[in-house]
Amino acid sequence: QVQLVESGGGLVQAGGSLRLSCAASGRTFSRYAMGWFRQAPGKEREFVVAITYTYGNTAYADSVKGRFTISRDNAKNTVYLQMNSLKPEDTAVYYCVYSSTSLGGPYDYWGQGTQVTVSS
């Protein structure tokens, strides 16, 4: 089993920044990639970004390119999501995800989510 614990969500004004963190623990030796999904009220859950453990390859949703940056600290089993130039449409619950097979998933484990609210 793998446990994912997110932190860093909150309320911010449009144009502001937030940084999310996700720490993985447990049986993480098979980790291939970690990343983030989000779900806004009344909408389906959508992919945001992911990063591979070994080489740091990344994949971003078009809606966040140029504004969000994912990074990792392998020694800490932690990934970070720096979110800049936030927009009201970025408001959502953000979920950390973990895949043992591919940058594009499937994602074997999910965190409980952290709320990000962007006010206009």
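Pro106 sits in the loop between strand 9 (92–99) and strand 10 (109–110), and in this predicted model the peptide bond joining Gly105 to Pro106 is cis, with omega at about 10°. That is worth a second look, since most peptide bonds are trans and most residues other than glycine have a negative phi.

The second half of that rule has its exceptions here too. Asn77 has a positive phi of about 50° although it is not a glycine, and Asn77 is found in the loop between strand 7 and strand 8. Ser85 is not a glycine either, and its phi is also positive, about 50°. You'll find Ser85 in the loop between strand 8 and strand 9. How covered is Ser85? With 40% relative accessibility, Ser85 counts as partly exposed.

Now for strand 9 itself. Strand 9 is mostly covered, with seven of its eight residues buried. As for its pairing, the table sets out the partner strands and a bridge pair for each.

| Partner of strand 9 | Sense | Bridges | A bridge pair |
|---|---|---|---|
| Strand 4 (residues 33–39) | antiparallel | seven bridges | Met34 and Tyr98 |
| Strand 11 (residues 114–119) | antiparallel | three bridges | Val93 and Gln115 |
| Strand 10 | antiparallel | two bridges | Tyr98 and Tyr109 |

Tyr98 turns up in two of those rows: Tyr98 is the bridge partner of Met34, and Tyr98 also stands opposite Tyr109 in strand 10. On the strand 11 side, Val93 is matched with Gln115. As a reminder, strands of a sheet pair through backbone hydrogen bonds, either parallel or antiparallel.

Strand 9 also carries one end of a disulfide. How many disulfides are there? The count comes to one, and this disulfide joins Cys22 to Cys96, with an S to S distance of 2.0 Å. The link of Cys22 and Cys96 is left-handed, with -85° about the S-S bond. It ties together distant parts of the chain: Cys22 belongs to strand 3 (residues 18–26) and Cys96 to strand 9, 74 residues apart. Are the two cysteines buried or exposed? Cys22 has a relative accessible area of 0%, so Cys22 is buried. Cys96 also comes out at 0% relative accessibility and therefore counts as buried.

Strand 3 leads on to another sheet to look at. This one is an open sheet of four strands in the order 1-3-8-7, with antiparallel pairing. Which strands stand at its edges? They are strand 1 (2–7) and strand 7 (68–73); each has a single partner strand, so one side of each is left without a neighbour in the sheet. Neighbouring strands of this sheet are turned by 15° against each other on average, direction ignored.

Strand 7 pairs with strand 8 (residues 78–83) in the antiparallel sense over six bridges. Within that pairing, Phe68 has Met83 in strand 8 as its bridge partner. The loop between strand 7 and strand 8 is the one that holds Asn77, with its positive phi of about 50°. If you're tracing side chains along any of these strands, keep in mind that in a regular strand the side chains alternate between the two faces of the sheet.

How values were computed:
Residues numbered from 1 in each chain as written. Predicted model: local features only at pLDDT ≥ 70, side-chain atom pairs only at ≥ 80, totals over all residues. Heavy atoms only, no water. Pairing = 2+ DSSP bridges. Axes fitted to C-alpha atoms, helices over the stretch in contact; angles between N-to-C directions. Buried < 20%, exposed > 50% of the residue type's maximum accessible area, 1.4 Å probe, protein only. Disulfide = S-S within 2.5 Å.
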